[in-house]
Amino acid sequence: MKISDEVVAAIDALQTQAMRTSDVYQLDRIERAIDELLRNPGDDKTPARHRVRSALAHAYELLQRRKEIAPQGELCPERESVGYTEQGYHQVELLELIRVEPSFKHADRVILGYLVRGADAVTLAEKYSVPVPRMRERISRLRCNARKAWPDLALAA
């Protein structure tokens, strides 16, 4: 079976993403997403960017189920744990969604990234030298756009 151009483009995008990260969790997720794309190589109706997002979401679900079935414990409790931390999963997910969402401008991605990492309107207003009410308005619009882009995702208000 011939691999469609859309699947090839999606795989290229995921491989490029894999080359830019050193996070083990992200690499595992990308690998599983590529596997999913290769299981249905002939479908040429779905655009590549939608395929990437969908495959990454399915990979996330699979990794979550695996974690529930076989929780990971420390191999050597007396040593400091190596690898990723459980607490950062949602932050990684949001940052990845922000990075790949085509409807956001670069400046929007930067501000949303700051918000995901815990910045507030006052801090961002100082950083960008704008009044706090104006920054709050911009944050509100960005969150509204994010909710439209990802309706299934519950974003903090």
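This is a short walk through the structure above, one selection at a time.

**Start with the whole chain**

Keep in mind that the model is predicted. Show the protein as a cartoon and you will find seven helices and zero strands. Following the chain from the N terminus, the order of elements reads α-α-α-α-α-α-α. Now switch on a surface: about 10600 Å² is accessible, and carbon and sulfur atoms account for 54% of that. Of the 157 residues in the protein, 29% are buried. If you draw the contacts between residues at least 6 apart in sequence, 58% of them join residues at least 24 apart.

**Select I3, V8 and L38**

Stay with the surface for a moment. I3, V8 and L38 make up a nonpolar patch there, and together they offer about 210 Å² of accessible area. Click on I3, which sits in the segment before α1. Is I3 buried, exposed or partly exposed? Its relative accessible area is 34%, so I3 counts as partly exposed.

**Select Q17**

Next, move into helix α1, which covers residues 5-19 and includes Q17. With a relative accessible area of 5%, Q17 is buried. Which residues surround Q17, once its neighbours within four places in sequence are set aside? Show side chains for Q26, I30, L56, E96, R99 and V100, and you have its contacts.

**Step across to Q26**

One of those contacts of Q17 is Q26, which belongs to helix α2. Q26 is buried because its relative accessible area is 7%, under the 20% cut-off. Leaving out residues up to four places away in sequence, Q26 touches Q17, T21, V92 and E96. E96 is therefore a residue to keep on display: it appears among the contacts of Q17 and among those of Q26, both of which are buried. For a distance to try in the viewer, pick the C-alpha atoms of Q26 and E93: they are 9.3 Å apart, although these positions lie 67 residues apart along the chain in numbering terms.

**Select helices α2 and α3**

Now colour helix α2 (residues 24-39) and helix α3 (residues 48-69) separately. Two numbers are used to describe a packed pair of helices: the angle between the axes and the distance between them. Here the axes come within 8 Å and cross at roughly 115°. The crossing is right-handed. To see what makes the contact, display the side chains: α2 contributes Y25, D28, R29, I30, R32, A33, E36 and L37. From α3, the residues in the contact include L56, A59, Y60, L62, L63 and R66. Two of these residues, I30 and L56, should look familiar, as they are also in contact with Q17.

**Select F104**

Travel on to the loop between α4 (89-100) and α5 (106-116), where F104 is found. Is F104 buried or exposed? Its relative accessibility is 5%, so F104 counts as buried. Beyond residues up to four places away in sequence, F104 touches I98, R109, L112, L142, N145, A146 and W150. Of these, N145 is 41 residues from F104 along the chain, and their C-alpha atoms are separated by 8.5 Å.

**Finish on α5**

L112, a contact of F104, leads you into helix α5. Its buried residues are D108, I111, L112, G113 and L115. As a last stop, select G118, which follows α5 and has a positive phi, near 110°.

Notes
Residues numbered from 1 in each chain as written. Predicted model: local features only at pLDDT ≥ 70, side-chain atom pairs only at ≥ 80, totals over all residues. Heavy atoms only, no water. Helix = DSSP H or I, 4+ residues; strand = E, 2+ residues; numbered from the N terminus. Buried < 20%, exposed > 50% of the residue type's maximum accessible area, 1.4 Å probe, protein only. Contact = heavy atoms within 4.5 Å. Areas by Shrake-Rupley, 256 points an atom, 1.4 Å probe, with all protein chains shown as cover. Patch = residues over 30% accessible without salt bridge, like charges linked within 9 Å, V, L, I, M, F, W, Y side chains within 5 Å. Salt bridge = Lys/Arg side-chain N within 4 Å of Asp/Glu carboxyl O. Axes fitted to C-alpha atoms, helices over the stretch in contact; angles between N-to-C directions. Left-handed = near helix turned anticlockwise from the far one by under 90°.
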